[in-house]
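Please give a short briefing on this protein for a first-year student. Cover its enclosed and open spaces, and look at one of its helices.

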Amino acid sequence: MHLARFPRYRLGHFPTPLERLDRLSEALGGPEIWIKRDDCTGLASGGNKTRKLEFLVADALAKGADTLVTQGATQSNHVRQTAAAACRAGLQCHALLERRVTNQGADYETAGNVLLDVMMECSFDFRPEGLDMNAEAEALAEKLRAQGRKPYVIPGGGSNPVGALGYAACAEELVAQADAASLRIDHIVHATGSAGTQAGLLAGLFAMNAPIPVTGYSVRAPKTKQIDNVHALAVRTAELIGARGTLPREMVVAYDEQVGPGYGQPTDEMVEAMLLLARLEGILLDPVYSGKGFAGLVAMIRAGAFRKTDRVVFLHTGGSVALFAYGHLFNNQKAA
């Protein structure tokens, strides 16, 4: 793929670890489970958005920007990492936070990611649920331009073709790690939201002709819509990379069984899955994204979706900072 053709502002600790989870594999009695630790990317407690921001920040600097503008939900991992990237690059950061979750207690809008946003001097405003948040971010950018600023707008999750290059790079990194360890990867599973992580992975694997199936567990959108979103972005990202041919829609596999009552709304399956991984392997997930993605993997294993000889990689997208906005779940151990 030769991704060095694209400008990149180094922010993360790469390659992230690829670890075998022996105790978890034994407890579930299914395939051999591995974990790709993108919670260890290093930027303000890490997470998957750091990979995307390396390409997005480089593009912003190349275009003379002095301010990053983005949007996300209240406990947005993306906004937190964008704020940190802005600090590293000497840029200002302005964010809009959508109130998608309003029933998780009085601390929800001050703890976790929001606290870190404040610490890193990210200027933010709240918006009610249901608005076109990317359009709201563009409107904010126009106001900043009128004030003499030079804003660069990053879509929610950093999920455009430039940002998705970060996960094409991750695909290349993961395959190289597996090859060096003589590890045959039979499946990749992860949480999928704004589509950039899954789209970038698929574009990278497609460009390398590495036929590893990828399953995404949606945290918000219904299955068909999520597949549409991922495929559209994967095709655009593969074209940007210069991959031959058109990435087929059949490569995109996504399920919505773990969404539960809605985005950011807890489920008992998510709580159980998070406690399972914490207590067996000492690894912390987050309640909004990786917890639901991991609950999907556990459900697949229990349903017999894999052979015992398979080797399955769970991509940990980070986000454990949000645990501090959902602490009540793990005291009571029930989502209801």
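This briefing covers the annotated span, the largest pocket, the largest cavity and one helix.

The model is predicted. Its largest pocket has a volume of about 750 Å³. Its largest cavity holds about 130 Å³ of space.

**The annotated span**
- A UniProt annotation from an unreviewed entry, "domain: Tryptophan synthase beta chain-like PALP", covers residues 11-318.
- Helix makes up 44% of residues 11-318, and strand makes up 17%.
- The end C-alpha atoms of that span lie 15 Å apart.

**The largest pocket**
- The volume of the largest pocket is about 750 Å³, and 34 residues line it.
- Closest to the centre of the pocket are Arg100, Gly156, Gly193, Ser194 and Arg220.
- Four elements give two or more residues each to this lining: β3 (67-73), α3 (77-89), α5 (133-146) and α8 (223-241).
- Helix α8 supplies the largest share of the pocket lining, with six residues.
- By class, the pocket lining has twelve nonpolar, 15 polar and seven charged residues.
- Where does the largest pocket lie? It lies between domain 1 (18-46 + 160-329) and domain 2 (49-154), because both domains give residues to its lining.

**The largest cavity**
- The count comes to one cavity of 30 Å³ or more.
- About 130 Å³ of space lies in the largest cavity, and 16 residues line it.
- Asn48, Lys49, Ala191, Thr197 and Tyr289 are the lining residues closest to the centre of the cavity.
- The elements that give two or more residues to the cavity lining are α2 (49-62), β7 (187-192) and α7 (196-208).
- Which element gives the most to this lining? Helix α7 does, with three residues.
- The cavity lining has three nonpolar, ten polar and three charged residues.
- Domain 1 (18-46 + 160-329) and domain 2 (49-154) each give at least three residues to the cavity lining.

**Helix α6**
- Helix α6 runs over residues 161-180, which makes 20 residues.
- How far should α6 span at 1.5 Å a residue? The expected span is 28 Å, and the end C-alpha atoms are 29 Å apart, so the two values agree.
- Is α6 mostly covered or mostly exposed? Helix α6 is mostly covered, with 15 of its 20 residues buried.
- After α6 comes Ser182, and the phi of Ser182 is positive, near 55 degrees.

Conventions: Residues are numbered from 1 along each chain as its sequence is written. This is a predicted model: local features need pLDDT of at least 70, side-chain atom pairs count only at pLDDT 80 or more; totals for chains, interfaces and linings use all residues. Side-chain values use heavy atoms; hydrogens and water are left out. On a 1 Å grid over the protein atoms alone, a cavity is a set of points where a 1.4 Å probe fits but cannot get out, and a pocket is an open set with protein on both sides within 12 Å along at least five of seven lines; lining residues have an atom within 4 Å of a point. Grid points are joined across faces, edges and corners, and a volume is the space filled by probe spheres set on the points. Ala, Val, Leu, Ile, Met, Phe, Trp, Tyr, Cys and Pro count as nonpolar, Asp, Glu, Lys and Arg as charged, and the others, Gly among them, as polar. Domain bounds come from an automatic or database domain assignment. UniProt positions are given in the numbering used here, feature names are shortened, and annotations may be inferred rather than shown by experiment. The expected span of a helix is 1.5 Å times one less than its number of residues. Buried means under 20% relative accessible area, exposed over 50%, partly exposed in between (1.4 Å probe, protein chains only).
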